[in-house]
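Ready for a little practice? Take a look at the sequence and the model, then try each exercise before you read its solution.

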Amino acid sequence: MVKKNTCVFISGKGSNLKNLILHSRDNNFPIKISLVVSNKKKADGINYAKKYNIPYIFVDNNRNSCEKKILLNLKKFKISFICLAGYMKIISGYLIKNYEKKIINLHPSLLPKFKGLNTFSRMLKNKEKKGGCTVHFVNEKLDGGIKIVQKSFFIMDNDNELILKKKTQELEYKALPEAIIKIFRNT
Ligand code: GRF
């Protein structure tokens, strides 16, 4: 199997990046992590790129230079698939157009519910019965693209934000690899 050269975008801890790196060591997993992009110099996730010898770049907040740098490197590393895993920045329409149906995002809620930030506090405030995660294609609407995989759990009476995060992330570690396998199943 020829693995797709994939770029993972992160901003923080990078536990999903680590999970993808470990999955991609399996010959049958359809992607290879060939590049990591972070918009935070201090993102802990960069340590996984270092540990597993994956090239990485940092981008700043200047829209034009950031965009240029990303596109240049996507070309340089022959990237054909992009995975946003905890990337806390909106990516540009130009990038989305150039990688149509080739960018996925991981979101910590049962979309279309709770798009955007602070999902857990809003879920608690709303007395939701269920939480979960969604992997979806990225389009120009925030957290609005076609769903690929969604997984849910029940919210208990004494669950707090921390517990919701933990429950969500446990599902994310399954949902993201599952979505990637699903996307490339017939290619
Ligand atoms: C994940 O929970 C994801 O849903 C959200 O950001 C978090 C990233 O976690 N978008 P990590 O950096 O992969 O540990």
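Below are three exercises on this predicted model, each with a worked solution.

**Exercise 1.** Find out which residues are around the ligand, and which helices and strand supply at least two of them each.

*Solution.* Start with the list: Lys13, Gly14, Ser15, Asn16, Gly86, Leu106, His107, Pro108, Gln169 and Glu172 make up the shell. Next, match these to elements: helix H1 (15-24), strand S5 (103-107) and helix H6 (161-184) each give at least two residues. Now sort by type, and you get two nonpolar, six polar and two charged residues. Last, check the domains: domain 1 (1-100) and domain 2 (106-187) each contribute at least three residues to the shell.

**Exercise 2.** Work out which ligand atoms pair up with Leu106, Pro108 and Gln169.

*Solution.* Begin with the backbone. A nitrogen atom of the ligand sits 3.3 Å from a backbone N or O atom of Leu106. A polar backbone atom of Pro108 is 3.5 Å from a ligand oxygen. Then turn to side chains: Gln169 places an N or O atom 3.1 Å from an oxygen atom of the ligand. Taken on its own, the ligand has 370 Å² of accessible area, and the protein covers 85% of that. As for the spot itself, the ligand takes up the space of the largest pocket.

**Exercise 3.** Look for backbone oddities: where is a cis peptide bond, and which residue other than glycine has a positive phi?

*Solution.* First, the usual case: most peptide bonds are trans, and most residues other than glycine have a negative phi. The bond from Leu111 to Pro112 is cis, with omega near 15°. Pro112 belongs to the loop between S5 and helix H5 (119-125). Asn53 has a positive phi, near 55°, and lies in the loop between helix H2 (46-51) and strand S3 (56-58).

Conventions. Residues numbered from 1 in each chain as written. Predicted model: local features only at pLDDT ≥ 70, side-chain atom pairs only at ≥ 80, totals over all residues. Heavy atoms only, no water. Near = heavy atom within 4 Å. Polar contact = N/O pair within 3.5 Å; in protein donor to acceptor, adjacent residues only side chain to side chain. Areas by Shrake-Rupley, 256 points an atom, 1.4 Å probe, with all protein chains shown as cover. 1 Å grid on protein atoms, 1.4 Å probe; cavity = no way out; pocket = protein on both sides within 12 Å on 5 of 7 lines; lining within 4 Å. Sits in = over half its atoms within 2 Å of the grid points. Helix = DSSP H or I, 4+ residues; strand = E, 2+ residues; numbered from the N terminus. Nonpolar A, V, L, I, M, F, W, Y, C, P; charged D, E, K, R; others polar. Domains from an automatic or database assignment.
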